[in-house]
Structures are given as structure tokens and as C-alpha cells.
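Biologist: I am still learning to read models of proteins, and I would like a close look at a single part rather than a quick tour. Could you take me slowly through one loop and the places it touches, and then set it against the rest of the chain?

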Amino acid sequence: EKMYQTFLKKRDALPYDIDGLVLKVDERRSQFDLGSTAKAPRWARAFKFPAEQKTAQITDILLQVGRTGAITPVAVLSPVSLAGTTVTRATLHNEDEIQRLDVRIGDTVIVQKAGDIIPEVVEVMTNLRPNKTKKFALPKHCPSCESDLERPEGEAVHRCPNTKCGAVMQEKIEHLISRYAFNIEGLGKETIEELLERGLVTDAADIFFLTYEDLFELPLFKEKKTENVL
């Protein structure tokens with residue numbers, strides 16, 4: 001506990017970012033006897049620090065469409081340095097959370113990184129609220145394909161039901177080619193947008209049927225990049 005409190009106090013003065021301490025059993029024999037679960041050793045425990053919090057102003061609220069069709073409101077923030085990175089956006093989770101916090105465009109808010117990874121708005125500083133703030137109302141239609149949004153019973157999230165929605169397809173393909181899925185290098189966000197726009201891809205599986213000619217005609221694609229992607 002003393003070590004934890006010592007590092008908590010000098011955390012900001014360190015020449016690197018830390019989000020906590022790990023306490024380990026030192027003796028190798030005890031480590032062997034304690035063993036491990038499928039995910040982690042039983043002879044080590046992480047002691048996380050409280051998430052670093054900063055204030056920022058909400059300049060806008062945008063909607064993000066996920067690969068499952070989930071619609072997530074995202075706050076556009078005045079830039080703020082938080083846990084080692086400059087943050088300009090933070091999730092507001094869903095419509096219920098916006099109403100619970102009473103978040104408005106123009107508000108000054110307290111922001112933190114959930115698990116030191118995903119920026120989120122945790123509190124509105126109503127004492128600093130200017131006169132001309134704007135309340136946010138979730139639209140009834142998908143910002144990408146204009147389909148009527150649905151909110152399944154018992155859920156807090158609104159969803160786009162259109163399986164062919166361009167934004168949903170974009171997110172699905174981005175997930176498919178990401179490092180923790182198929183790990184396909186060279187197919188960035190802009191390239192996927194171009195493939196969808198040209199009708200070369202209409203679902204995620206179509207990327208495996210792309211030809212040399214399909215890719216070579218895309219912006220910034222030359223012989224080497226085309227061969228690497230293929």
C-alpha cells in the first residue's frame with residue numbers, strides 16, 4: 001500500500017506513462033505452485049491507479065455507426081492531453097447517458113480514459129455552462145443510409161437495421177482486416193471507402209475475390225502495393 005501511494009504521488013513526474021503497479025510473488029517455486037489461469041498468472045496482481053481526468057469543451061456531438069449497426073453518440077472536444085495522448089473525441093455511450101448527464105453542445109465536461117484506453121465523458125460542469133448551449137436529440141434515421149433506427153426492447157442502444165448500410169459494411173470490413181482478425185496490411189480506411197463506392201465490394205467476403213486490376217486502378221496503388229495486398 002505504501003509503494004502504491006508513493007508511485008501514485010509521483011506518477012505525473014515520471015518520464016513515462018504508467019496506469020498502476022503489478023505485485024508479484026518473488027519465489028519461483030511459489031509461482032510454479034500457484035500456476036496460471038488461461039489468461040493470467042495467479043502469482044501476480046495488477047493495482048490500477050484512478051483514471052486521469054481533465055476538462056474539455058464539447059464543440060459538437062456526432063454519431064458513429066458500428067459494425068453491428070449500433071449508433072454511438074461521440075462528443076467532439078477541444079484538444080486535451082490525457083494519459084499520454086491528445087484527445088479530441090469521447091464516447092457518450094447512448095441516448096440515456098446523454099440525458100442522465102444532461103450533456104449539451106458548448107458544455108465544459110470532465111473527461112477520462114476508461115481503462116486508460118477509451119476516452120469518455122464522466123461529468124458536466126454545469127456551473128460553467130454558457131447561456132447558448134444546445135441540447136442534443138438523437139435523430140430517427142441512420143446518418144449513413146437514412147434507414148429508420150430501432151431500439152430493441154431492454155437495450156439502451158439504437159441500431160440501424162439495414163444489413164447493407166454503407167457505414168456498417170465499412171466497419172465490418174475494417175474489423176475483418178484488423179490486426180486481431182485477418183491482419184491484412186495495405187487496406188486502409190480510405191481504400192475500403194473507395195472499394196465500396198466503386199461497387200467492387202458489397203460484403204466483407206468480397207475482399208478475397210479482388211483482382212490485380214481492381215486494386216491497381218485505386219488511388220495511390222502501384223505495382224508493389226497491389227502485389228503486397230493480394
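Modeller: What follows starts with the whole chain, moves to the loop between strands E9 and E10, and then turns to the helices and the charged pairs.

Please keep in mind from the start that this is a predicted model. The protein chain contains seven helices and 10 strands, and its C-alpha trace spans about 60 × 60 × 40 Å along the principal axes. A compact globule of 230 residues would have a radius of gyration near 17 Å, whereas the protein chain has 23 Å. Buried residues account for 33% of the 230 residues, and the chain exposes about 15,000 Å², of which carbon and sulfur atoms supply 51%. If we take the contacts between residues at least 6 apart in sequence, 48% of them join residues at least 24 apart, and the loop we are about to visit offers examples of residues that are separated in sequence but can be compared in space.

The loop in question runs between strand E9 (134–135) and strand E10 (158–159), and Arg 151 is one of the residues placed in it. With a relative accessible area of 36%, Arg 151 is partly exposed. Leaving aside the neighbours within four places in sequence, Arg 151 is in contact with Glu 95, Asp 96, Ala 156, Val 157 and His 158. Ile 71 lies 80 residues away from Arg 151 along the chain, and yet the C-alpha atoms of the two are separated by 9.9 Å.

One of those contacts, His 158, takes us out of the loop and into strand E10. Is His 158 buried or exposed? Its relative accessible area is 14%, and because buried means under 20%, His 158 counts as buried. Again leaving aside neighbours within four places in sequence, His 158 is in contact with Gly 69, Ala 70, Ile 71, Glu 95, Leu 138, Glu 150 and Arg 151. Gly 69 is 89 residues from His 158 in sequence, but their C-alpha atoms are 8.2 Å apart in space. If you put the two contact lists side by side, you will find Glu 95 in the list for Arg 151 and also in the list for His 158.

The loop between E9 and E10 also holds Glu 146, which deserves a pause for its backbone. Most residues other than glycine have a negative phi. Glu 146, although it is not a glycine, has a positive phi of about 70°, and with a relative accessible area of 54% this residue is exposed. A positive phi of about 70° is found at His 93 as well, which is not a glycine either. His 93 sits in the loop between strand E5 (85–91) and helix H3 (95–101), and it is partly exposed, with a relative accessible area of 34%.

Now let us set the loop against a helix. In H4, the buried residues are Ala 167, Val 168, Met 169, Gln 170, Ile 173 and Leu 176, and what covers them includes strand E3 (53–65) and H5. H4 and H5 are also linked through their side chains, since Lys 189 and Glu 174 meet in a salt bridge of 3.6 Å from N to O. Lys 189 belongs to helix H5 (residues 189–197) and Glu 174 to helix H4 (residues 166–176), and the two are 15 residues apart. Glu 174 is partly exposed at 24% relative accessible area, and Lys 189 is partly exposed too, at 41%.

That pair is part of a wider set, as a search of the whole structure finds 11 salt bridges. Another joins Glu 194 and Arg 198, at 2.9 Å from N to O; Glu 194 is partly exposed at 22% relative accessibility, as is Arg 198 at 39%. Elsewhere, salt bridges that share partners join Asp 102, Arg 104, Asp 107 and Arg 129 into one network. Arg 29 forms a salt bridge with Asp 33, with the closest N and O atoms 3.3 Å apart. These two are four residues apart in helix H2 (residues 28–34), and therefore separated by about one helical turn. An α-helix has 3.6 residues a turn, so residues three or four places apart point the same way. Arg 29 itself is exposed, at 54% relative accessibility.

Terms used: Residues are numbered from 1 along each chain as its sequence is written. Side-chain values use heavy atoms; hydrogens and water are left out. The radius of gyration is taken over C-alpha atoms; the globule rule is 2.2 Å times the number of residues to the power 0.38. Buried means under 20% relative accessible area, exposed over 50%, partly exposed in between (1.4 Å probe, protein chains only). Contact means heavy atoms within 4.5 Å. Accessible areas come from the Shrake-Rupley method with a 1.4 Å probe; for residues, only the protein chains shown count as cover. A salt bridge is a side-chain nitrogen of Lys or Arg within 4 Å of a carboxyl oxygen of Asp or Glu.
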